[in-house]
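Student: I'd like a close look at one part of this model: how are the strands put together, and what ties the helices and the tail to each other?

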Amino acid sequence: KRLKNLEKQRTKKLAEKKMADAAASKANAQAKAADIARKKKLQEKKLAEQAAADAKAKRLKEEQASKKADQLRKQKKAERKRKEQAAMERAEQEKLLEQQMAEEMASRQQARRQQQMTEIGRFTALIKQTIRGNLITDRSTMEGTSCKLTISLAPSGFVTNVVINQGDKIMCAAAKTSIYKAGSLPVSKDPEIFTEMSKISLTVEPEF
């Protein structure tokens, strides 16, 4: 009976040991499974964090590229605007310079023309004085008369031709004779002034 009890106890202990081993094995398996799951989650977390970091780095890189492109575009726009402004200012300066040069040229031409007209007037007066100096007058036939004529002159002042335009016949004949008698009339040495005086029209009147 005692042996049976011992056998029964041994069998019971063996069964309990099997159950304990099975429970330990199950717990170990669950622990391993939990550890695998934990490691998997940790790996997934690391992958997710790496993906997030990569995405953030990519976004930052794209933002920097966009910012750089925008800055470059603004710089180009500012440079283009600066060049346009410089071109406008240069064109305005050139326009003002041309205007000033034109005004200066016009002023010079006006001054030159005034000088020429003064010289022409002076030489015309000298020519009239020369003609009157050689003019033979007669009060009874010439008083109140005049003669308009055109005189052609050589650069030396030599009279090449006299054309009577209108006037008293006696006065015009006397004036023509006076001109040819003088032979040469006062002329300017300035080629431009002489060009305008090479054929001069004037009115001769006797002085009493």
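**Strands and salt bridges**

Tutor: Let's start with the hairpin: β1 and strand β2 (residues 159-167) pair in the antiparallel sense over seven bridges. Before going on, keep in mind that this is a predicted model, where local features need pLDDT of at least 70, side-chain atom pairs count only at pLDDT 80 or more, and totals for chains, interfaces and linings use all residues. Residues are numbered from 1 along each chain as its sequence is written, and side-chain values use heavy atoms, with hydrogens and water left out.

Strands here are DSSP runs of E with at least two residues, helices are runs of H or I with at least four, and both are numbered from the N terminus. Two strands count as paired if DSSP finds at least two bridges between them. Five residues sit between the strands of the β1 and β2 hairpin, and G157 has a positive phi near 100 degrees there.

β1 also pairs with strand β3 (residues 199-204), again antiparallel, through six bridges. You can see both pairings at T150: its bridge partner in β2 is V163, and in β3 its bridge partner is S201. As for cover, six of the seven residues in β1 (residues 147-153) are buried, where buried means under 20% relative accessible area, exposed means over 50%, and partly exposed is in between (1.4 Å probe, protein chains only).

Now for the ties. The structure holds 15 salt bridges, each a side-chain nitrogen of Lys or Arg within 4 Å of a carboxyl oxygen of Asp or Glu. One of them joins the side chains of E192 and R112, at 3.4 Å from N to O. That pair links distant parts of the chain, with E192 in helix α4 (residues 191-197) and R112 in helix α1 (residues 2-134), 80 residues apart. E192 is partly exposed at 46% relative accessibility, and R112 is partly exposed too, at 26%.

R113 and E196 make another salt bridge, at 2.4 Å from N to O. Here R113 belongs to helix α1 and E196 to helix α4, 83 residues away. R113 comes out as partly exposed at 36%, as does E196 at 38%.

The tail comes in with R132 and E207, whose closest N and O atoms are 3.5 Å apart in a salt bridge. R132 lies in helix α1 and E207 in the segment after β3, so this pair ties together parts that are 75 residues apart in sequence. R132 is partly exposed at 29%, whereas E207 counts as exposed at 57%.
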